[in-house]
Amino acid sequence: MRRLVLLLVATVFALTGSAQAATPADSRIAAAVATWAERPLYVDPDFISVTDSAETLRVISGAKHPVFVAVVPSGEWFPEKGDTKLLAGRLAAANGKPGLYVVMDGSRTDGVAHQLGVSTPSWTYGDYEEALSKQLTEYLDGVKESTYSTPKPARTEPLPPDPEDSSPRKPEKFTVGTAIGHGAGGVFIGLICGALLGVIVLTVAAQARARKKGRA
């Protein structure tokens with residue numbers, strides 16, 4: 001019996017460890033989900049001074065679909081490795097509610113649809129002088145109802161790497177025939193260039209001679 005209990009504990013631990021490895025612990029996600037329990041806008045402490053929270057909340061409340069916004073830092077040095085849609089998907093999975101999950105960092109707005117049949121913009125850009133509420137409005141204006149988009153969970157795993165070229169170009173092998181061919185081609189091109197240059201020189205000389213005779 002004791003051996004069975006230990007086996008069950010080990011299995012649960014392994015499964016939990018695998019899930020945590022697939023979705024690394026992220027304090028931004030935990031803070032956003034905790035805040036979303038009360039209101040659909042989370043602002044990282046570093047962005048409070050540049051966020052017009054009241055107006056942004058009005059934009060969220062006027063949206064056609066549930067919108068959850070996280071104003072947080074992002075980039076290559078965070079667990080999502082610069083894949084902002086991956087961060088948005090992990091936020092959606094952690095929150096567990098259908099809606100649009102939007103990540104903003106003060107200049108770029110990106111997001112995903114979670115369990116919604118809509119299409120979202122790739123991303124939109126603003127600048128730090130433009131209010132975040134306006135940036136959010138521009139992004140939400142790009143969200144379109146789509147009969148081709150089946151409601152599904154947002155992506156929570158990194159995209160697979162691009163496949164390598166299965167037929168790489170092989171370097172040309174050196175052969176005597178190849179060398180002769182390249183040499184003949186070079187000689188032919190040289191002859192053509194020399195002939196053209198000779199024609200130009202003769203033409204200029206003839207014109208100069210004609211002018212000289214005319215003056216005489």
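Trainee: How many nonpolar, polar and charged residues does the lining of the second largest pocket have, by class?

Mentor: In this predicted model, that lining has six nonpolar, three polar and four charged residues. A63, K64, L140, D141 and V143 lie nearest the centre of the pocket, among 13 lining residues.

Trainee: What makes K64 and D141 charged residues and L140 a nonpolar one?

Mentor: Lys and Asp count as charged and Leu as nonpolar, so K64 and D141 fall in the charged class and L140 in the nonpolar class.

Trainee: Which element supplies the largest share of the lining of the second largest pocket?

Mentor: That share, three residues, comes from α5.

Trainee: Why are V69, V71, L100, L136 and L140 called members of a nonpolar core?

Mentor: They belong to the largest nonpolar core, which has 19 residues, and they touch the most other members. A core joins buried residues of types such as Val and Leu through side-chain atoms within 4.5 Å, so each of these five is buried and joined in that way. The largest share of this core, four residues, comes from α5.

Trainee: How do you know that V71 is in contact with M104 and L132?

Mentor: Contact requires heavy atoms within 4.5 Å. V71 is in contact with M104 and L132, so each of these pairs has heavy atoms within 4.5 Å. Beyond its neighbours within four places in sequence, V71 also contacts L41, Y42, V43, D44, F47 and T51.

Trainee: What is the volume of the largest pocket, and which residues are the closest to its centre?

Mentor: The largest pocket holds about 280 Å³ of space. V112, A113, V118, T120 and K152 are the closest to its centre, out of 14 lining residues.

Notes
Residues numbered from 1 in each chain as written. Predicted model: local features only at pLDDT ≥ 70, side-chain atom pairs only at ≥ 80, totals over all residues. Heavy atoms only, no water. Buried < 20%, exposed > 50% of the residue type's maximum accessible area, 1.4 Å probe, protein only. Helix = DSSP H or I, 4+ residues; strand = E, 2+ residues; numbered from the N terminus. 1 Å grid on protein atoms, 1.4 Å probe; cavity = no way out; pocket = protein on both sides within 12 Å on 5 of 7 lines; lining within 4 Å. Points joined across faces, edges and corners; volume = space filled by probe spheres on them.
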